[in-house]
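Work through the three exercises below. Each has a task and a stepwise solution.

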Amino acid sequence: MKSIEAVVELAVDKTLSKVNGQDKEREKFLQTHKILKNYQNLLTVAQKIGASEYNEAQKVVQIINTCIDQLKSDPNFDVLELKYFKNFTDEQISEIKDCDRSTIWRQRNDLIHKLSYMLFPDQFF
């Protein structure tokens with residue numbers, strides 16, 4: 001009887017661990033998406049405050065820019081650029097790239113995941 005309970009307990013622990021890991025992945029993805037959506041506002045705030053050692057907005061923008069620069073060599077970087085920096089819709093991007101909207105969605109999500117690992121490396125492990 002105890003061995004069955006131990007097996008069930010182990011299975012439950014593994015399942016919960018997997019679910020928690022997926023929650024962390026989803027949270028990183030959503031945080032990165034939020035950062036990208038608000039990037040222009042953050043950039044404006046950083047510029048208005050100006051150069052200062054206390055300008056946290058400027059520090060955040062520098063970190064984001066460094067990470068984004070790492071993605072520029074990705075063949076689908078233009079999807080991210082059009083979506084978040086030029087405010088194009090997925091439909092407009094799909095017309096420009098002559099592909100299905102689901103392809104744009106996948107490409108964008110792939111880039112967001114890559115960026116999330118750069119922005120939140122401590123949560124990767």
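Buried means under 20% relative accessible area, exposed over 50%, and partly exposed in between (1.4 Å probe, protein chains only). This is a predicted model: local features need pLDDT of at least 70, side-chain atom pairs count only at pLDDT 80 or more, and totals for chains, interfaces and linings use all residues. Residues are numbered from 1 along each chain as its sequence is written, and side-chain values use heavy atoms, with hydrogens and water left out.

**Exercise 1. Classify cysteine 67 and cysteine 99, then count disulfides.**

Step 1. Cysteine 67 has 8% relative accessibility, so it is buried.
Step 2. Cysteine 99 has 24%, so it is partly exposed.
Step 3. Apply the disulfide rule: a pair of cysteine sulfur atoms within 2.5 Å. The count is 0 disulfides.

**Exercise 2. Place asparagine 65 and find its side-chain partner.**

Step 1. Asparagine 65 lies in helix α3 (helices are DSSP runs of H or I, at least four residues, numbered from the N terminus).
Step 2. Its relative accessible area is 27%, so asparagine 65 is partly exposed.
Step 3. The side chains of asparagine 65 and tyrosine 39 make a polar contact at 2.4 Å (a pair of N or O atoms within 3.5 Å, one able to donate a hydrogen and the other to accept it; residues adjacent in sequence count only if both atoms are side-chain atoms).
Step 4. Their C-alpha atoms are 9.9 Å apart, across 26 residues of chain.

**Exercise 3. Describe the largest nonpolar core.**

Step 1. Define it: buried Ala, Val, Leu, Ile, Met, Phe, Trp, Tyr and Cys residues joined through side-chain atoms within 4.5 Å.
Step 2. The largest such core has 18 residues; among those touching the most other members are Leu36, Leu71 and Leu115.
Step 3. α3 gives the most, with 6 residues.

How values were computed
Helices (H or I, at least four residues) and strands (E, at least two) are DSSP runs, numbered from the N terminus.
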